[in-house]
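Let's walk through a protein model together, starting with its overall fold and then looking at one of its sheets. Keep the picture open as you read.

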Amino acid sequence: MASGNGVMTDQADRQKQAVAVAAAALVENGMVVGLGTGSTAAYMIEVLGQRWAEGLRFVGIPTSERSAEQARALGIELVTFATHPVIDLAIDGADEVERGTLDLIKGLGGALFREKIVAAAAKRFVVVADASKLVDHLGTRTAVPVEVTPFGWERTAYQIEALGATTVPRRDRTGSFFVTDGGNYILDSNFGVMDDPPRVARELREVVGVVESGFFIGRTSEVLIAGADGVTRMVR
Ligand code: 5RP
C-alpha cells in the first residue's frame, strides 16, 4: 500500500494527467504551439505525441532543452522563431496561480526565461496546473525564481535583497550552481506573501544583472485547473 505521500503524489499525478489531456485537446492542425516545461507540461507533450501518431500535424516551439528532447523523441516537428515568430497557442505549467488575476510565479523547473519569451509570443497562453497551485496572493507557497547573469551574481543578489527579499542561489544535485539553458544562474528570491506583485516585478526588472523573473503578470489567457472534481477552466 502506498504511503501517505505516495497517495498524495498519485492523486497529483492523476490531476496533472487530466489537465494535460484537456490542454492537448486545444491543439489543432496547422497550429504553431509553445511547449512548456515541467511535469504537467511533460504529460501534455506526451499526449500531443499520441495525437501526432494519430495524424495531427502542428509545429512546436519548446521552452527548454528538456521539452525539446521529449518532443523530438515523440516525432513532433520543432521550429524556431526565425521562421515562426508568432505562436498560436502556448501551454505551460505554473508554480503559483493567483485566483483573482491569474498572474503566475513560474520557474521552479528553471526554464522561466524561455517560457516567458514563448508566452509573450503567444496569441493564447493556457496554463495547466493541479489545484494545489491556486493561491489568493502570489508568494504564498514559493519564492520567486530570478534568472541572473553569472558575472556579478553576488551584487545582483544584494540588490534583490535591498528590495525586501531573501535570496538563495539555486544548486544542482552535486551542489554546483544550477545553470539554465541560457547559461545563467537562478536566485530563488523570497518576498513572502505579496500584496502588489506587479510592483515587485517592475522593481526586479530595474536591477542590473537580472535577466528575467518568474513573475508572469497579465500574460495568462486562461488556466485549466485539475481538482478532485475534474478540470475547471478559469478565464481572465
Ligand atoms: C518550469 C516551470 C514549470 O512550469 C513549473 O515549475 C510547474 O512545474 P510542474 O508542472 O512540474 O509542477 O515554470 O520552469
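In this predicted model, contacts often bridge long stretches of the chain: among contacts between residues at least 6 apart in sequence, 76% join residues at least 24 apart. What does that do to the overall dimensions? The C-alpha atoms fill a box of roughly 55 × 45 × 40 Å along the principal axes. For 236 residues, a compact globule would have a radius of gyration near 18 Å, and the protein has 18 Å, so the two agree. Of those 236 residues, 44% count as buried.

Now for the building blocks: the protein contains six helices and 14 strands. Strands of a sheet pair through backbone hydrogen bonds, either parallel or antiparallel. Here, one open sheet has four strands in the order β9-β10-β8-β11, and the pairing is antiparallel. Which strands stand at the edges? They are β9 (166-169) and β11 (210-213); each has a single partner strand, so one side of each is left without a neighbour in the sheet. From one strand to the next, the twist averages 30°.

Let's zoom in on one pair. Strand β8 (residues 144-148) runs antiparallel to β11, and three bridges join them. To find one of these strands' links, look for valine 148, whose bridge partner in β11 is valine 210.

Helices pack on this sheet too. Helix α4 (residues 112-120) touches β8 and β11, and its direction makes about 65° with that of β11. Helix α5 (residues 153-162) touches β8, β9, β10 (185-190) and β11, with its direction at about 155° to that of β9.

Methods
Residues numbered from 1 in each chain as written. Predicted model: local features only at pLDDT ≥ 70, side-chain atom pairs only at ≥ 80, totals over all residues. Helix = DSSP H or I, 4+ residues; strand = E, 2+ residues; numbered from the N terminus. Rg over C-alpha atoms; globule rule 2.2 N^0.38 Å. Buried ≥ 20, exposed ≤ 12 C-beta atoms within 10 Å, placed from the backbone. Contact = placed C-beta atoms within 7 Å. Pairing = 2+ DSSP bridges. Axes fitted to C-alpha atoms, helices over the stretch in contact; angles between N-to-C directions.
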